[in-house]
Amino acid sequence: MTLSRPPKTETAIRRVAILFAGGPAPAANAVISTAANSFLRNDIPVLGIMNGYSRLLEFGENRPLELGRDYIHLDHAKLRRTRNSQGILIGTARANPGREVSHLEHFSDPHRVAPLRTVYQALRSLEVDALVSIGGDDTLKTANKFKLFQDRCPDVGPRIPVVHLPKTIDNDYSGIDFTFGYFTAVDTLATEIRSLLADAEAGRTYYLTETMGRSAGWLAYGAAMAGEASLVISVEDLTGRYRDSEEVVDPTTGEKTTRAIMNVEEVVKRMVATMRVREEGEGKEFGVIVMAEGLAEYLPMTYLQGVSRDEHGHIAISQLNLSRLFSRLVAEQYHVQTGRKRKITGLQLGYEARCALPHAFDVMLGSQLGVGAFRALVEERRDGVMVSVSGQLELNYVPFDQLIDPETLVTMVRYVEPKSDFHRLARFLETYINE
């Protein structure tokens, strides 16, 4: 055992940039500050790129990047006592420089790769020769496209190796067991659910809550289990009679395709069944039902008319208000079945969890990921890998091509596996229905 610091590592990297993109997550600053400190201890200056890719995409001959506006120096003074702080030191944004690239062939199209070229040129204007990307699955896709752009466009100049650090309170990343911020977000939402449960009991009412989790149900399930909710439903539960399909027509090509959808009527009846069992079998005239927001993507098109989509093609779930829609449908079905009325209030939960004060585990996990960025780039001399942690915070590095479909360039979502022990625990803890 030694208490001395390890010797500095020889490296060709002279300046590193760190950027954070997508939605916030607790412990973001633990990742940023620890990554930056790792490089600083090896005498490598670190730039914090402000607001994701948005400032880089504004770069041009008449728009040079400016210190303080577009980037900052992440030095020891700036990083002082930031590991446990809330928010994001360098801000974030959802700008997507790889938006027009969805196939390998697109890299030969100058128009489609122009934003990626701008990002490259912007970084080189700052003499950056390595990039640390922090973000969700969409940001991972962008990091991969940035690497492929350099692989397939050799005229760009010196390479900028890129490593990615996985971030999402949704915890739906392949290649890592848990993402930083997940447990803090779960606890934040669980605390709210427990408060709603007490309120519901006092007034003999129900709350139907909608949590974040666009693709998978990890956050909804975790919050429901820790918050003692009566029922949790996510996209993984849309099987059997809860699943249906409909034919849709592509507005640009006119081609007909079939998409999987939720059987709204059956899902609503399942919620009412939980309410009735609680009331008629357990004497409980109150409760909290949790839905994952990703269920909105499976609504029939009749419910999605007029709802806009973002740069990544996702529907604007906040416009839809899934919880309010289902609270009305459940109240109507409850009245049909029982002849009684029951107040059901729909609430969207999640935004308040994204910048919550991080818990110790998320700070530890985020810190190790930050260190992993340094080790991947400097010690391992890696390019195009995602830093992962398993077991007792053991670092490992997953190549992008193991996480992203090589044809569609889309990331592989990690769902809650039906009948897994995690899934079975959620079913065990909620109100039991003999289906």
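This text walks through a predicted model, from its sheet to the helices and loops around it.

Start with the sheet. Four strands line up in the order β7-β10-β6-β11, and the sheet is open. The pairing is parallel. Strands of a sheet pair through backbone hydrogen bonds, either parallel or antiparallel. Where does the sheet end? Its edges are β7, residues 231–233, and β11, residues 344–348. Each edge strand has a single partner, so one side of each is left without a neighbour in the sheet. Neighbouring strands are also turned against each other, by 20 degrees on average, direction ignored.

Now look at one pair inside that order. β6 and β10 run parallel and are joined by six bridges. β10 covers residues 287–292. One facing pair is easy to find: T211 stands opposite A292 in β10.

Next, turn to the helix that crosses the sheet. α4 lies across β6, β10 and β11. Its direction makes an angle of about 145 degrees with β10. Between α4, residues 182–203, and β6, residues 206–211, comes a loop, and T205 lies in it. Is T205 buried or exposed? Its relative accessibility is 12%, and buried means under 20%, so T205 counts as buried. Leaving aside neighbours within four places in sequence, T205 is in contact with A200, E285, F286, G287, R342 and K343.

Follow the chain past β6 and you reach another loop. M212 lies there, between β6 and α5. M212 is buried too, with a relative accessible area of 10%. Which residues does M212 touch, not counting those up to four places away in sequence? They are I169, D170, L219, A220, E293, L349, G350, Y351 and R354. Take G350 from that list. M212 and G350 are 138 residues apart along the chain, yet their C-alpha atoms are separated by 5.4 Å.

After this loop comes α5. This helix spans residues 218–227, and nine of its 10 residues are buried, so it is largely enclosed by the rest of the structure. The buried residues are W218, L219, A220, Y221, G222, A223, A224, M225 and G227. What do they pack against? Their partners are α4, β6, β7, β10 and α11, the last being residues 421–429. Just after α5, E228 takes a positive phi of about 60 degrees.

Two other helices meet elsewhere in the chain. α2 is residues 110–125, and α3 is residues 137–152. They pack at an angle of about 85 degrees, with their axes 10 Å apart. That angle makes α2 roughly perpendicular to α3. From α2, the residues at the contact are V113, L116, R117, V119, Y120 and L123. They meet K145, F146, F149 and Q150 in α3. What is the chemical mix of this contact? Seven of its residues are nonpolar, one is polar and two are charged.

Last come two cysteines. C153 counts as buried, because its relative accessibility is 6%. C355 is partly exposed, with a relative accessible area of 32%. A disulfide is a covalent bond between the sulfur atoms of two cysteines. How many disulfides does the structure hold? The number is zero.

Terms used. Residues are numbered from 1 along each chain as its sequence is written. This is a predicted model: local features need pLDDT of at least 70, side-chain atom pairs count only at pLDDT 80 or more; totals for chains, interfaces and linings use all residues. Side-chain values use heavy atoms; hydrogens and water are left out. Buried means under 20% relative accessible area, exposed over 50%, partly exposed in between (1.4 Å probe, protein chains only). Contact means heavy atoms within 4.5 Å. A disulfide is a pair of cysteine sulfur atoms within 2.5 Å. Two strands pair if DSSP finds at least two bridges between them. Axes are lines fitted to C-alpha atoms, for helices over the stretch in contact, and angles run from 0 to 180 degrees between N-to-C directions. Angles under 35 degrees count as roughly parallel, over 145 as roughly antiparallel, 65 to 115 as roughly perpendicular and the rest as oblique. Ala, Val, Leu, Ile, Met, Phe, Trp, Tyr, Cys and Pro count as nonpolar, Asp, Glu, Lys and Arg as charged, and the others, Gly among them, as polar.
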